[in-house]
Amino acid sequence: MKDKKPRKAPLPHRRSVLAKMSTALLITSLKPALASTVPPGARSLDLHNIHTGERLSVDYWANGTYVPDALAAINKILRDFRTGDVQPIETNLLDALVRLHAKLETSKPFEIISGYRSPATNAALHAKSEESGVAVKSLHMRGMAVDIRVPGRPLILLRNAALSERAGGVGYYPQSDFVHVDVGRIRRW
Ligand SMILES: [Zn+2]
């Protein structure tokens, strides 16, 4: 019993030091995170698939969690319209699109030129035109990329906003009038 007192005594001090340390860690780790997170509250996307004419406006995040039905609807509108294949689109790509949309200060939807691509579609596109920038191992095949534009916003503005996000890759295709955005490695072309 005697021994326990001196051992116990430093604990409150150690705790407060640890508390201070963890608070400091929290603050330093929050700062960069806050800069790249989406605004609090619901996360919404407004999408217009130019190939199918489909339009979707949906809250895919609400009350602190993803909304499965909304994600399913997003996966569907971003499907491979050539084959009908539906695959999950990565939610961090959706979050990147929300941030991008906020930066563009527009109420217009993203126009979708390409979302998910099945391996068959990607191979066909790649074979058709190497100039179009269709990579053999495209991130479109992993639900990690979209090709987009926004009505009323210059393509260069969209490109620059996407670059400033530093969410992944950004490809600029002025001839085809779209910007490729993905959540792979940070790179540009
Ligand atoms: Zn693309």
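1. Asparagine 63 is found in the loop that links strand 2 (55–62) to strand 3 (65–66). In this predicted model, asparagine 63 has a positive phi of about 50°, although it is not a glycine. The residue is also exposed, since its relative accessible area is 82% and the word is used for values over 50%.

2. A second residue can be read in the same manner: aspartate 177, which lies in the loop between strand 6 (169–173) and strand 7 (178–182). Its phi is near 60°, again a positive value in a residue other than glycine. Aspartate 177 is described as partly exposed, because its relative accessible area is 35%, which falls between the limits of 20% and 50%.

3. The two strands on either side of asparagine 63 deserve a look as a pair, for strand 2 and strand 3 are joined in the antiparallel sense over two bridges. Within this pairing, tryptophan 61 stands opposite tyrosine 66 in strand 3. Helix 3 (residues 68–77) lies across strand 1 (43–49), strand 2 and strand 3, and it runs at about 145° to strand 2.

4. Aromatic residues recur in this part of the chain, where Tyr60, Trp61 and Tyr66 form one aromatic cluster. The count for the structure comes to three aromatic pairs. In one of them, the rings of tyrosine 60 and tyrosine 66 have their centres 6.1 Å apart and their planes at 15°, so the pair is stacked, given that the term applies to planes under 30 degrees apart. Tyrosine 60 is buried, with a relative accessible area of 0%, whereas tyrosine 66, at 25%, counts as partly exposed.

5. Two arginines are placed over aromatic rings. The charged end of arginine 43 sits over the ring of tryptophan 61, at 3.8 Å from the ring centre, and arginine 159 lies over the face of tyrosine 172, at 4.8 Å from the centre of that ring.

6. Taking the sheet as a whole, eight strands form an open sheet in the order 3-2-1-4-5-7-6-8, and the pairing is mixed. The edge strands are strand 3 and strand 8 (187–188), each of which pairs on one side only.

7. How many residues of strand 5 (residues 145–149) are buried? Five of the five are, so this strand is largely enclosed by the rest of the structure. Both of its faces are covered, with Ala145, Asp147 and Arg149 buried on one side and Val146 and Ile148 buried on the other.

8. Strand 5 has a partner on each hand in the strand order given above. With strand 4 (residues 110–114) it pairs in the antiparallel sense over three bridges, and here arginine 149 is the bridge partner of glutamate 111. Strand 5 and strand 7 also run antiparallel and are joined by four bridges, with isoleucine 148 standing opposite valine 179 in strand 7.

9. Which residues coordinate the zinc ion? They are His140 through NE2, Asp147 through OD and His180 through ND1, at 2.0 Å. Along the sequence these donor residues follow the spacing H-x6-D-x32-H. Two of the donors can be followed further: histidine 140 is buried, with a relative accessible area of 1%, and aspartate 147 counts as buried at 3%. Asp147 is also among the buried residues on one face of strand 5, which ties the zinc site to the strand discussed above.

Note on methods:
Residues numbered from 1 in each chain as written. Predicted model: local features only at pLDDT ≥ 70, side-chain atom pairs only at ≥ 80, totals over all residues. Heavy atoms only, no water. Donors = N, O, S within 2.8 Å, 3.2 Å for Na, K, Ca; no water. Buried < 20%, exposed > 50% of the residue type's maximum accessible area, 1.4 Å probe, protein only. Phe/Tyr/Trp six-rings, centres within 6.5 Å; stacked < 30°, edge-to-face > 60°. Lys NZ or Arg CZ within 6 Å of the ring centre and 35° of its normal. Pairing = 2+ DSSP bridges. Contact = heavy atoms within 4.5 Å. Axes fitted to C-alpha atoms, helices over the stretch in contact; angles between N-to-C directions.
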